[in-house]
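Subject: Structure handover

Hello,

Here is the structure for you to look over. My notes follow below it.

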Amino acid sequence: MWSIFRIQKEERWLVLAFVLVSVFLHACCIYCFSDSFLQESIDNGGVFYSHFHMSGYDPITYAVVTHWDVTYQVFRHPLLTWMVYPLFLLNNGLIALTGYNLVQFLLAALLLVCNSYSVVFLYRIFKDIIGVRRDDAILLTAFFYGFAHIMVASIVADHFTLSMFLLLLTLYIAGRWMREGREMTILQTLVLFVVTAGVTLSNGVKMLIDALFVNGKRFFRPKYLLLAVILPAALLWLFAVWENHTYIVPKEKAQRIAQQEKARVAREQAYQEFMDTTSIMNPEEKQRVFEKQYQQRLRKEAKARWESMHKGMPIQSKNVFLRWTDVTSPRWDSMVENLFGESLMLHQDHLLEDTMGSRPMIVRYRWWICYAVEGVIVLLWLTGLWLGRKSRFMWMAMAGFAFDMIIHLVLGFGLNEVYIMASHWAFVLPVGIAFLLKSPHLRHLTFYLLLLLTVFLWLYNGVLLVGYLLG
């Protein structure tokens with residue numbers, strides 16, 4: 001299986017071209033934040049959180065590689081903190097040697113490697129699995145990396161680039177095994193599941209979907225199901241529970257105590273102000289009126305906090321996963337402006353702002369051509385899906401996409417900034433369009449239309465991104 005990481009001769013020029021462009025974008029990103037991030041002493045990552053602003057991407061990895069701690073949400077990213085621990089050791093050694101915090105350069109190198117292999121695996125999926133021509137595969141790969149939040153995610157040290165690399169690796173392996181009539185073994189499934197789910201839990205689910213398509217009914221054999229699915233999932237969950245109890249609960253307890261003390265002081269101040277201004281004489285009536293008014297005030301403040309973060313209301317539950325849902329945000333506008341909008345093309349207004357800050361959840365494009373481009377891409381994709389409807393590989397990729405859409409559109413997880421999740425699913429768009437390029441009647445029209453779209457996306461998103469970083 002390790003032979004798949006050997007870059008073939010015909011792939012080297014494609015990878016080289018990508019590396020050159022990617023190094024330029026990384027250089028712009030490093031330049032943008034280097035004044036704040038290069039200093040040797042950074043207080044617990046506070047500088048990263050106060051200075052790093054790129055859509056909704058988090059600077060957690062910058063902070064963890066500088067001052068290691070279990071900071072990620074452990075039930076979503078159970079192994080991610082430990083995966084970057086070697087980079088933390090290396091970075092602290094470099095700080096001791098140079099006096100500079102080189103975290104930006106280390107993570108840029110990691111992202112560059114992951115993205116280079118993502119390019120390779122995507123190219124192979126188009127050429128070897130779906131079976132399009134070599135120039136078509138190159139064009140589809142360039143088209144994909146012209147998407148706004150693939151371009152942005154490729155230079156941002158969040159977990160999305162690593163997730164995309166693992167998802168494309170798994171998809172390529174599954175497609176290759178499917179094509180060769182091979183079965184995904186227990187060991188292969190176990191390793192891929194632990195690594196993918198360790199980075200992000202939803203990735204592990206999609207990896208198991210791929211294994212189901214490859215193995216078919218054999219996926220449900222008791223031995224395979226127990227050793228490749230149930231056992232590693234249970235161990236990963238128990239590890240996340242241990243992480244939460246050991247690292248997260250003590251910090252949450254300290255924060256809760258601090259918040260309770262702050263709330264107590266605020267309540268006492270409000271009570272004193274009420275007593276100084278009220279004309280009610282009856283003590284019991286005073287207390288009752290104060291409690292009613294204070295509870296109304298707390299509800300208004302809580303609602304204002306949600307609205308300031310441009311988030312819909314979640315399902316009311318104590319369950320940690322249900323608290324991440326969103327049942328009130330508009331679905332259609334989210335699909336048009338964010339899911340198939342911002343994911344593919346940046347909005348000029350509120351450019352790369354965070355919905356937790358000044359960016360509204362829904363931003364409109366200034367130009368009608370952006371909606372036209374979005375519509376053409378979606379239409380090409382849907383047509384390609386119809387032409388490829390007999391492909392098991394296409395349905396396997398779409399099953400993972402359907403899982404993402406259930407999470408985002410149905411449950412509303414991350415719906416207010418769904419575009420930053422594009423690395424998890426956006427590759428299904430060129431996968432679907434690839435089946436148009438296999439059609440002898442539609443290939444030439446699709447090729448030139450796709451070439452035009454690719455040039456537009458790279459120029460439009462590239463100019464906006466570089467202008468933001470260097471502005």
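A cavity here is a set of grid points where a 1.4 Å probe fits but cannot get out. Its volume is the space filled by probe spheres set on those points. Please keep in mind that this is a predicted model.

Cavities

With that definition, the structure has three cavities of 30 Å³ or more. The largest cavity has a volume of about 110 Å³.

Which residues line the largest cavity? Leu167, Leu171, Lys206 and Asp210 are among them. So are Met396, Ala397, Gly400 and Phe401. His424, Trp425, Phe427 and Val428 also belong to the lining.

Three helices each supply at least two residues of that lining: α9 (160-180), α11 (201-215) and α16 (392-410). The largest share, four residues, comes from α16. By class, the lining has eight nonpolar, two polar and two charged residues.

Helix packing

I looked at three helix pairs.

Start with α1 (residues 9-37) and α6 (residues 103-130). Their axes come within 9 Å and cross at roughly 150 degrees. Angles over 145 degrees count as roughly antiparallel, so α1 is roughly antiparallel to α6. The crossing of this pair is right-handed. By class, the contact of α1 with α6 has 16 nonpolar, six polar and four charged residues.

Helix α6 also packs with α9. Here the angle is about 30 degrees, and the axes are 9 Å apart. Angles under 35 degrees count as roughly parallel, so α6 and α9 are roughly parallel to each other. The crossing of α6 and α9 is left-handed. Note that α9 also supplies at least two residues of the lining of the largest cavity.

The third pair is α10 (residues 186-199) and α12 (residues 222-277). Their axes come within 9 Å and cross at roughly 25 degrees. Therefore α10 and α12 are roughly parallel to each other. In this pair, α10 passes α12 in a right-handed crossing.

Salt bridges

How many salt bridges does the structure hold? There are 19 salt bridges. Side chains of opposite charge can pair when their charged atoms come close.

One salt bridge joins Arg443 and Asp136, with the closest N and O atoms 2.9 Å apart. Arg443 lies in helix α18 (residues 443-470), and Asp136 lies in helix α7 (residues 134-145), so the pair ties together parts that are 307 residues apart in sequence.

Where to look

For the cavity, open the view on α16, which gives four residues to the lining. For the helix packing, α6 is a good place to begin, with α1 crossing at roughly 150 degrees and α9 at about 30 degrees. For the salt bridge, go to Arg443 and Asp136.

Best wishes

Key:
Residues numbered from 1 in each chain as written. Predicted model: local features only at pLDDT ≥ 70, side-chain atom pairs only at ≥ 80, totals over all residues. Heavy atoms only, no water. Axes fitted to C-alpha atoms, helices over the stretch in contact; angles between N-to-C directions. Parallel < 35°, antiparallel > 145°, perpendicular 65-115°, else oblique. Left-handed = near helix turned anticlockwise from the far one by under 90°. Nonpolar A, V, L, I, M, F, W, Y, C, P; charged D, E, K, R; others polar. 1 Å grid on protein atoms, 1.4 Å probe; cavity = no way out; pocket = protein on both sides within 12 Å on 5 of 7 lines; lining within 4 Å. Salt bridge = Lys/Arg side-chain N within 4 Å of Asp/Glu carboxyl O.
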